[in-house]
Every structure is written in structure tokens, then in C-alpha cells.
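Subject: Structure handover

Dear colleague,

Here is the structure for your files, with notes on what was found in it. The sequence and the coordinates come first and the notes follow.

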Amino acid sequence: MRRIAVLDAPSNLGLRPPTPTSVPGCGKAPGALRDHDLIARLAARDAGCLTPPRYDPGDWRPGDGVCHAGSIAHYSMELADRIGGIIDQGEFPLVLGGDCSILLGSALAMHRLGEAVGGRIGLVFVDGHSDFRHPGNASYVGAAAGEDLALVTGRGQADLAAIEGRRPYFRDIDVVVLGIRAHDEYRLDLQAAGIITRPVPALRVEGAARTAQWAHDQLTDCAGYWVHVDVDVLDPAVMPAVDAPDPGGIAFTELELLLAGLVDTPHCLGVEITVFDPDYDPEGAYAAEIVDTLVAGLAPVAAPEAVPPRLAPSRPAAPGRGPALPGPRTVPPAAPAVPAALAAPVMRPAMPPTGEAPPVAALPVVAPPVAALPVVAPPDVALPVVAPPVAALPVVVPPVAALPDVALPVVAPPDVALPDDPGGPETAVEPAVPEPPAEPDHTVDRAGVDPIVGSSGANGAKRSRMELPELSARWSEAVGPPASAGPGRLRRRPPQAAEEPVVDPSPSGGPAAAARSADDTAEREPGRSTEQPAHDTESGTTAEIA
């Protein structure tokens, strides 16, 4: 358990006057917070109040450097003495500002402490503004409360940035900035300096608790760190009682979670609260909100299991990173309650056989169901067995794919009956068969010239030969053969019941030749009908086409 010691530092020396005839009211903040029983609710020790010098800008003008520089330097050394004494007693200092210039006293105390233990102390800077104005990026400086981060990192006039010859108080790589606005004026200067930042949008995306852990992880090379909290990190909608409110801040709940995560470790050496101005809070409502947030956020410090910081001399640091302390590195594992819980079975031998051993032994029992998962795989492996029927579907495709080649089997009719009769009239069909597929629109003028023989008339045999290209042209159209017909088989026309077959008087043999051709076709192709009458509208003759 760590006891909290509350120290008042009601300095307003780092701010410009609100009006030419008034002074900043943040010097009243410690009293306003105490009025809401802060010390009693924290069960803290009252470490008193360090009274600041009088606020008097006098005849200060831009270009004269930081206003009240001498007074701030003197007050910072006294404040560092008080903070150092609290830490030496093993207590956790809570410093109530005042403006942000009190950070110089805290920084000086941390540098002294780091020198004593042979390590470096880091800074978690929770502020709505970067406070990084310095002569290198501004035309002039004046208010130390707007330049405090620049001063504690060694930028600015030596009487403030190098008190006691210590410069810088915090190295750039040992500073983490949280809560600045995304449009902060000096955000690019922070990036160029190598100072790590997390503005409000990123803080809200990651969450306050995770951001606190992230900030802690950035400072693992340090022996410990100090936390600076400017209440203008809060949004003006919930905290307007500040000297420079800026929209886009966080809420009280987020500040509570952030603070609790930052102090819940022995690495955290102390906290300071700044810039609350009671002049803008006449009813005391905002002071009450701040006290509630501090009580909840600092609860891990006063918890019974809280471990006080153990600072020890450091070992040689890695090149370029400075000294790293082995003591603070080993403290975080001891801080959580988990290691103690894990060690409980060892300290009490009766526990393993009764309570803890069975759950541990039962863990392998869960493994067989996991190992049984591959048994489910065979059904998945068997799925490809269904694929062959799907793969067999393309076997049906070849007959369909052969449709474009249907016109070629038209040559088959000469192979049916004409090889035995080389001199027959059907031999004239062979040279003309390949031509119809080239011109699907080829038709025969029944009243004109025969496209095959070259003459017209009442000759039934010539008309029979004329019908073959016509049938071939029709066959080449996008009308598939019936299911019973194979490739190259002609579709039989439906017979005209109204007309009687007429005997063919042509010299090609007449009915006898037609019957002989039909018999030959029937012998070659059993089961196939050979009766395919073709009508001649001029002579009334019917020819049989094999």
C-alpha cells in the first residue's frame, strides 16, 4: 500500500493576466479542491502548501523572454525539494497546481532522483496543448505555462531550462504526450524532435485504458515516470473552467481511466494537476467533478496490493538508449496480483490435491474433442466422390458439340446406296453436298433452274436430286435432330395424306429402283425407316431418298 501525500503548489506565475487589471485565478485551485474533501476521500496525508511569489508582470514586453523567469526558477527549486522529500518517505506525491509552470519544479525533482539512482525518469504529459513554444519555433516567448514542455526538454532560456546546470530534465525519447488536439500548432515540431504523441482521436480509438498501458510501454527503459495532467485536456463542454479551453477534448470518464492506468504501477512516481481556474466555477460543480475523478483515478495507488517504487542503480545501458534500470523492469511483473495467485498453490500444499490439480488435469480432457476434429474431415474428403458424376456431365456434351458438324454427314447418303450404282443419277449429289453449309440461306427456286443439274422440267429424278441440297440447307439450320436420329440422318417429312404416290416415269428405274434402294438401306441400317417421300409439285412424282 502506498500513502498519498497532497502538496499544494498554487503558482500562477506562468500565465498572462486575463485582463490588464486582474491575475489568473488558477492559484485558487488547491483550496477549491480541498473544499470537496479531497484529502479525506483519498485517505491522504496533508503535505502542506508551498506559497508562490507575488504575481507581478511589471513592465514586461514581448522579446524580454519568459515573464517572471527569476521567480519561477526560485519556486521550482523549492518545489523540487518538497517533492523529493515526499518520495524519500515512500509516499506518492499529488501536487495541486497552479498553472503548468510548476512542471519545472517536478522535472527538477525527477532529474535529481534519476541522478541519485543512476537512471532516467520519464514524463507522461497529459495536456490539451503541446506547450512546446520556444525561441526556435516562435517569434517570442513570454508565458512559461505555454512553454513548459519545451523548457523541461532543454529548449529555451537557460535560467529555466538548465536550473542547477541540469539540462534537459527529460530527454525527448523519455516523453509521451497524450490528449493534444489533432490540429495542435506544434505537433510537427514534436514529431521532428522524436517525442511520441497520441492525440485525442487516436486516444479514443484505442481507448483510455489501453492508451495508458501503451504510454507505460514506451517508457520501459526508464526507472520511473512522472505524470503531468492539465485539466484543459477535457472538452470545454464538460470543463470550461480553464484559461484556454479548446474543443475536441476527452470526457471525465476517459480521464479517470487514463489516470488509473498510469498510476497502477510502481513505475509511476507522482502526479500533478494544473490549470483549473475556480473563477470560472462559482458554484463549485467543476471542482467536485475533478475531485471525483481524482479519487477514482488514484484508487490503485492506495490499494492494499499496491507496491511502492523500488529504485536501484542501473546497469550499463544499450548504445544510444541511455541507462536502463533492472529494478524497475522487474517491478511490473510483481505489481499485478496474478503472480501472487500463481504462487499460492506452492505456498499452501493442501490446495493442489483438493482444488487446483483437478482443473489442471482436466485440461487434457478437452484436447480429445479437438483431436477428434480431423474425424470430421473424411466427410469433407468424401465430397470429391460426388464430383465424378459432375465430371461425367461433359460426356453428354459431345453429341451437342457435334451439332455444328451436322452438315458434314450429309455426304452419308451417297455411302448408303450409291456405291453399288456408280452410274446412277445419285452420284451427282457428291460434289454439291459441301456447298450448302457455306451458304445457310441457299434455297431452290422450284420454278427456275435446278442448282445441281442445271436444267428444269418435269423430270422426277432431277427434282429428287434438287431436294437433297434443300434438305441439307434445312438440316444445317439451328434445328437439332430428334433423339432417335444419329449424326447425318435426315429428318423425314410428314406425309401428305391428301396426295397419292405417283409412279416415277424417269429412266432412273422407277418404283423398282426405289424399292431396291430402300431394301439396301434397310439391310445396312436395321430399324430405320426408308420411306422418306419427297414431292414434286410440278410432275406429282414422289422420290425416295435414302
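Is E164 buried, partly exposed or exposed? E164 is partly exposed, because its relative accessible area is 41%; buried means under 20% relative accessible area, exposed over 50%, and partly exposed in between, with a 1.4 Å probe and protein chains only.

Two points on the source. This is a predicted model, in which local features need pLDDT of at least 70 and side-chain atom pairs count only at pLDDT 80 or more, while totals for chains, interfaces and linings use all residues. Residues are numbered from 1 along each chain as its sequence is written, and side-chain values use heavy atoms, with hydrogens and water left out.

Overall figures

The protein has 546 residues, of which 44% count as buried. Its secondary structure comes to 20 helices and 10 strands; these are DSSP runs numbered from the N terminus, with H or I and at least four residues for a helix, and E and at least two for a strand. Among contacts in the protein with a separation of 6 or more, 72% are between residues 24 or more positions apart, a contact being heavy atoms within 4.5 Å. The exposed surface is about 26,300 Å², and carbon and sulfur atoms supply 61% of it; accessible areas come from the Shrake-Rupley method with a 1.4 Å probe, and for residues only the protein chains shown count as cover.

The second largest pocket

This pocket has a volume of about 560 Å³. It is lined by 32 residues, and the closest to its centre are H129, D131, G146, D243 and A244. A pocket is found on a 1 Å grid over the protein atoms alone, as an open set of points where a 1.4 Å probe fits, with protein on both sides within 12 Å along at least five of seven lines; lining residues have an atom within 4 Å of a point. Grid points are joined across faces, edges and corners, and the volume is the space filled by probe spheres set on the points. The lining divides into 13 nonpolar, seven polar and 12 charged residues. Here Ala, Val, Leu, Ile, Met, Phe, Trp, Tyr, Cys and Pro count as nonpolar, Asp, Glu, Lys and Arg as charged, and the others, Gly among them, as polar.

Strand β3 and helix α4

L94 sits in strand β3, residues 92-97, and is buried at 0% relative accessibility. Leaving aside neighbours within four places in sequence, L94 is in contact with I4, A5, V6, L7, L38, L42, V271, I273 and L298. L269 lies 175 residues from L94 in sequence, with 9.7 Å between their C-alpha atoms.

The loop between β3 and α4 contains G98, and the peptide bond from G97 to G98 is cis, with omega near 20°.

L108 belongs to helix α4, residues 103-117, and is also buried, at 0% relative accessibility. Beyond four places in sequence, its contacts are S76, M77, A80, I163, E164, R166 and Y169. S76 is 32 residues from L108 in sequence and 7.4 Å away, C-alpha to C-alpha.

Backbone points to check

Most residues other than glycine have a negative phi, and most peptide bonds are trans. E164, one of the contacts of L108, has a positive phi near 60° and is in the loop between α6 and β5. P168 is found in the loop between α6 (158-161) and β5 (175-178), and a cis peptide bond joins R167 to P168, with omega about -5°. A43 has a positive phi near 55°. A43 is in the loop between α2 (38-42) and β2 (45-49) and is exposed, with a relative accessible area of 58%.

V238

V238 is in the loop between β7 (224-230) and α10 (252-263) and is partly exposed at 30% relative accessibility. Outside four places in sequence, V238 is in contact with I250, F252 and Y286. The C-alpha atoms of V238 and E289 are 9.2 Å apart, with their positions 51 residues apart along the chain.

Cysteines

The structure holds zero disulfides, a disulfide being a pair of cysteine sulfur atoms within 2.5 Å. C100 is in none; the nearest cysteine sulfur, that of C26, is 8.5 Å away. C100 is buried at 1% relative accessibility, while C49 is partly exposed at 38%.

Regards
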